[in-house]
Amino acid sequence: MRDKEILVTRSSMPPYEEYIEAIRPLWDSHWITNMGRYHKELEKELKEYLKVPEVSLMVNGHMALELTIQAMGFPAGSEVITTPFTFISTTHAIVRNGLEPVFCDIKESDGTIDEEKIEALITEKTVAVVPVHVYGNICNVEAIQRIADKYNLKVIYDAAHAFGETYKGAGVSNFGDASVFSFHATKVFNTIEGGAVTFQNHVLYEKLFDLKNFGIRGEELACEVGANAKMNEFAAIMGLCNLKYIGEEIEKRRRRTEYYRELLADVSGVKLFQPDEDIEYNAAYLPIMIDSGDFGCTRDELFAYLRENKIKARKYFYPLISNQVCYRKNGKGRAAALETAEKMSERILTLPLYADLDFDIMDEIVDLIKQKRK
């Protein structure tokens, strides 16, 4: 019996000696925050890797999104169309800016916002759309942009699941008015904790600079009421080290994703998203959908069975944001019918996946899934 729990993910880290050597100069300079040498270097490296003209680093992905929305200067009480099928941070960032989230249903084909249902939700108060690239599946960026152009809306992508991906050969960072990334320890690329915003217009860089640094522009000058969302130098160095290995890390994850697909191909009642040939995936997640009629038990029963066997899969995302207590009790958020999102949230289970996950463990996980099937 295996004693060790298998978590849904595990942080990618560079060789210990490499990171220790990389942070050694900090003991000479004592410059460990306030956008120092390594902060600037990581911004430069990410511009090249993501093929975007502008990158602003942040302390985490949530503040990256919250401050990006704030930088747009939307009037209080304005409406923002978004998805309920995401991590709760996405909606929190909208609400903490004094805006009203409007929840749009999703597509069963890939879990992203249903672009055909966006237009019906637009009112005179709508100012933006915040779609989410889910599990590395990319939103219909062309259709969303057409709607945004028609109604003069901003588009801010939550791209936390899509780092390093391309769509039709273009970096995913290049769509919309901005894309926001999380560099949390659980992500494909991490800076321990961190985030970034990518965009085209340098004016937004200046606004974000003020918002993440108290609005300070000199020893005696604060030109805006800003927050503190700067990435520190230890985190930036971790990012620089991890970026060296990102290609290798993603390739390892892809091999494991392909292996899961082979193992699960003949398991009735288990469905996987089908890859889109236009997307170069980062293999960030391995979600499966459980059809209880064909599988013989519910997603929750399978989840509990795996936990009993020390496999910590996740019901990701459950419950829907629109069903969370903090939104129900405050009456925050307007929603049309969310039938697909409700169904997906009750069927999805993300399996353990990370670059150095043992193939033997993957065999065990799939064997357990097959054992539970009735």
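These are my notebook entries on a predicted model of one protein chain, taken in the order in which I looked things up.

**Entry 1: the chain as a whole**

I began with the secondary structure, and I counted 14 helices and 16 strands in the chain. I then turned to the overall dimensions, and I noted that the C-alpha atoms fill a box of roughly 70 × 55 × 40 Å along the principal axes. A compact globule of 374 residues would have a radius of gyration near 21 Å, and because the chain has 21 Å, I wrote down that the two agree.

Next I asked what share of the 374 residues is buried. Buried residues make up 56% of them. For the outside, I recorded that the chain exposes about 16700 Å², of which carbon and sulfur atoms supply 50%. I also looked at contacts between residues at least 6 apart in sequence, and I found that 71% of these join residues at least 24 apart.

**Entry 2: the largest pocket**

I reminded myself that rolling a probe the size of a water molecule over the atoms shows where empty space is left. The largest pocket holds about 530 Å³ of space. Its lining is made of 31 residues, and those nearest the centre are F87, S182, T186, K187 and Y316. I then checked which elements give two or more residues to this lining, and they are α4 (61–71), α5 (89–95), β8 (178–182) and β16 (348–351). By class, I sorted the lining of the largest pocket into 14 nonpolar, twelve polar and five charged residues.

**Entry 3: the second largest pocket**

The second largest pocket has a volume of about 290 Å³. I listed 19 residues in its lining, with T257, R261, P275, Y281 and Y285 closest to the centre. Both α9 (246–264) and β14 (286–290) supply at least two residues of this lining, and α9 gives the largest share, which is four residues. By class, the lining of the second largest pocket has ten nonpolar, five polar and four charged residues.

**Entry 4: a closed space**

I next asked how many cavities of 30 Å³ or more there are. The count comes to one, and the volume of this largest cavity is about 40 Å³. Its lining consists of A160, H161, F163, S182, K187, V188, F189, N282, A284 and Y285. I noticed that S182 and K187 appear here and also among the residues nearest the centre of the largest pocket, while Y285 lines the cavity and is listed close to the centre of the second largest pocket. The classes in the cavity lining are six nonpolar, three polar and one charged.

**Entry 5: helix α4**

Since α4 had come up in the lining of the largest pocket, I looked up how well this helix is covered. I found it mostly covered, with nine of its eleven residues buried, among them M63, L65, E66 and I69. The buried residues of α4 pack against β1 (54–58), α5, β5 (154–158), β8, β9 (195–199) and α7 (202–212).

**Entry 6: C297**

Last, I located C297 in the loop between α10 (292–295) and α11 (299–308). Is C297 buried or exposed? Its relative accessibility is 3%, so C297 counts as buried. Leaving aside residues up to four places away in sequence, C297 touches I290, S292, L302 and K372. I looked at K372 more carefully: C297 and K372 are 75 residues apart in sequence, and their C-alpha atoms are 7.7 Å apart in space.

How values were computed: Residues numbered from 1 in each chain as written. Predicted model: local features only at pLDDT ≥ 70, side-chain atom pairs only at ≥ 80, totals over all residues. Heavy atoms only, no water. 1 Å grid on protein atoms, 1.4 Å probe; cavity = no way out; pocket = protein on both sides within 12 Å on 5 of 7 lines; lining within 4 Å. Points joined across faces, edges and corners; volume = space filled by probe spheres on them. Nonpolar A, V, L, I, M, F, W, Y, C, P; charged D, E, K, R; others polar. Rg over C-alpha atoms; globule rule 2.2 N^0.38 Å. Buried < 20%, exposed > 50% of the residue type's maximum accessible area, 1.4 Å probe, protein only. Contact = heavy atoms within 4.5 Å. Areas by Shrake-Rupley, 256 points an atom, 1.4 Å probe, with all protein chains shown as cover.
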